[in-house]
Each structure stands twice: as structure tokens, then as C-alpha cells.
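Reader: Hello! I am new to this structure and would love a close look at one part of it, namely the contacts between side chains. Could you walk me through them?

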Amino acid sequence: MPRRQQGFTYLGLVILLAIIGLVGAAAVKVDALLARAAAEEELLEAGAAFSAALDSYAAATPPGRPQQPPTLQDLLKDTRFPTIRRHLRKIFVDPISGKTEWGITYVGDKTGVIGVYSLSQGQPLKQANFDERFPNFENKTHYADWKFTANGQAALERATDMTGKPPVTLPPGTPLPATPAPVTPTIPNMPNMPTTPAPPAAPVVTPEPPPAAPEAPPEPEPATPPEPEPAEPPQQP
């Protein structure tokens, strides 16, 4: 084989190997992206389960008691009742970090759990088109920015973001303030304005009944013809 032809064969083999390598790298990258997208969906479903458990715990709270569990373990075993209730079947594994450790959002100084979130600082692939269960998840920079809270707490957070001030909450059992009755405006009497007296009421005229029709005279009784007298029999001689 000529040396020039051997050089072309070697160059073609190098190009073919480069193409195979690029295709393989692209396939690996696509597989990694698909696996990451699947992990994000698992994270959203696990967070939705935490939110539902927090809602269930709050709904079952007797009046006058805190509606937030002290820890996540209280969602597994709610000992506030004679019979243990379970609002969550298990503590899920974070599909992004692969651990059962979660970031927790508390009320005040760690007095009650109001939300959980992933501890991963990775950037999410999903940036829009979230389900209505996940408000304010669009355009977040880290997975830790996805806060999974109870529905009521999420509404409070949205109100805080819009007004810049924390909303005022009333303790359980506090009656709502009564709504004031509407005030009817009164028009004051204008000075030097003559008042027109009301016209007198028209008299009520009662119509007289029409005269009764005259009674018809009684009909005359028919005359009875006199009965004929019986003829005398002829006398015999």
C-alpha cells in the first residue's frame, strides 16, 4: 500500500474516533441531564408530601394549641391524642443530595416546623411551569430556595413578599372584629329655603250602588172554564 494512502486511512480513523467520542460524551451529558430532571421531580413530590403532612398536622390541632410540629418526627407519630396519628409515613431521602437531612424552617426560635427544603446548593434545571402546589418556585438559583411549606404558611409568605411587612395573625379562638354598619348620609336643611307644604289628601269618594231594577208584575192566573151541567134524562110517557 502506498505511503500516501496509508496517511489518508490513518487520518480518517482519527476523525471517526473523534466523532464517536463526541457522540458518546453528548449521550453521557444527555443521560446526566435526564437523571437530574428526574431527581428534581422526585424532590418536588417529596416536598409536596411534607407540605401535605404539615397541613394535616395543623388541621388536627385542638383549639388553643400550636399548629406546627416541634420536629419532623412529630409528623411520623402525633402523640397529642390517645391514639397515635401519622401524618407522614417516613422521612424521605433528598434525591438531590442522597441524604435524609433536610433544611428546616421554624417559627421564631425553633418553636415549630413550618417548612422544609433541600440542603443542596445546585442550580435547578426547572425554572418555570411549576404546579400550583409550588408557588414562587420560578427562577430560583439554588435547590435550597425551594421552600416546601404548609398551604397557609405559603400564603403568609406570599403576602409578606408583596407588602414588605409580616402579616398580622390572630391566635386561635380570637373573635374577628365586627364589621361597622353602613352610615347613611344626612342632608342638612339649607338656610333661607322655603318649605313647600304637602298638598292635602284628596277625599275618598265612595260610589253609590246603582238602583235596583223594578220587580216584574205577577203573571195572571189562567181562567178556569165552568163545568157543564149534566143533562136531565128524558121522561118516559
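Author: Gladly; here is a tour of the charged contacts, followed by the aromatic ones.

This is a predicted model, in which local features need pLDDT of at least 70 and side-chain atom pairs count only at pLDDT 80 or more, while totals for chains, interfaces and linings use all residues. Residues are numbered from 1 along each chain as its sequence is written, and side-chain values use heavy atoms, with hydrogens and water left out.

Let us start with the charges. Three salt bridges turn up in a search of the whole structure (a side-chain nitrogen of Lys or Arg within 4 Å of a carboxyl oxygen of Asp or Glu). One of them joins Arg133 to Glu45, at 3.2 Å from N to O. Because Arg133 lies in the loop between β2 (113-117) and β3 (148-149) and Glu45 in helix α1 (residues 3-59), this pair ties together parts that are 88 residues apart in sequence. Helices (H or I, at least four residues) and strands (E, at least two) are DSSP runs, numbered from the N terminus.

Arg133 also forms a salt bridge with Asp131, with the closest N and O atoms 3.1 Å apart. Glu45, Asp131 and Arg133 are thus linked in a network of salt bridges. How open are these residues? Relative accessibility is 44% for Arg133, which is partly exposed; Glu45 is partly exposed too, at 42%, and so is Asp131, at 38%. Here buried means under 20% relative accessible area, exposed over 50%, and partly exposed in between (1.4 Å probe, protein chains only).

Asp78 and Arg80 form a salt bridge as well, their closest N and O atoms being 2.7 Å apart, and both residues are buried.

Now for the rings. The structure holds nine aromatic pairs (rings of Phe, Tyr and Trp, its six-membered ring, with centres within 6.5 Å; planes under 30 degrees apart are stacked, over 60 edge-to-face, the rest tilted). Among them is the edge-to-face pair of Phe50 and Phe92, 5.8 Å centre to centre with 85° between the planes. Phe50 lies in helix α1 and Phe92 in the loop between α2 (73-76) and β1 (103-106), so parts 42 residues apart in sequence are tied together. Phe50 and Phe92 are both buried.

Phe130 and Trp146 also pair edge-to-face, with ring centres 5.5 Å apart and planes at 85°. Phe130 is buried at 12% relative accessible area, and Trp146 is buried at 0%. Ring pairs link Phe130 and Trp146 with Phe134, Phe137, Tyr143 and Phe148 into a cluster.
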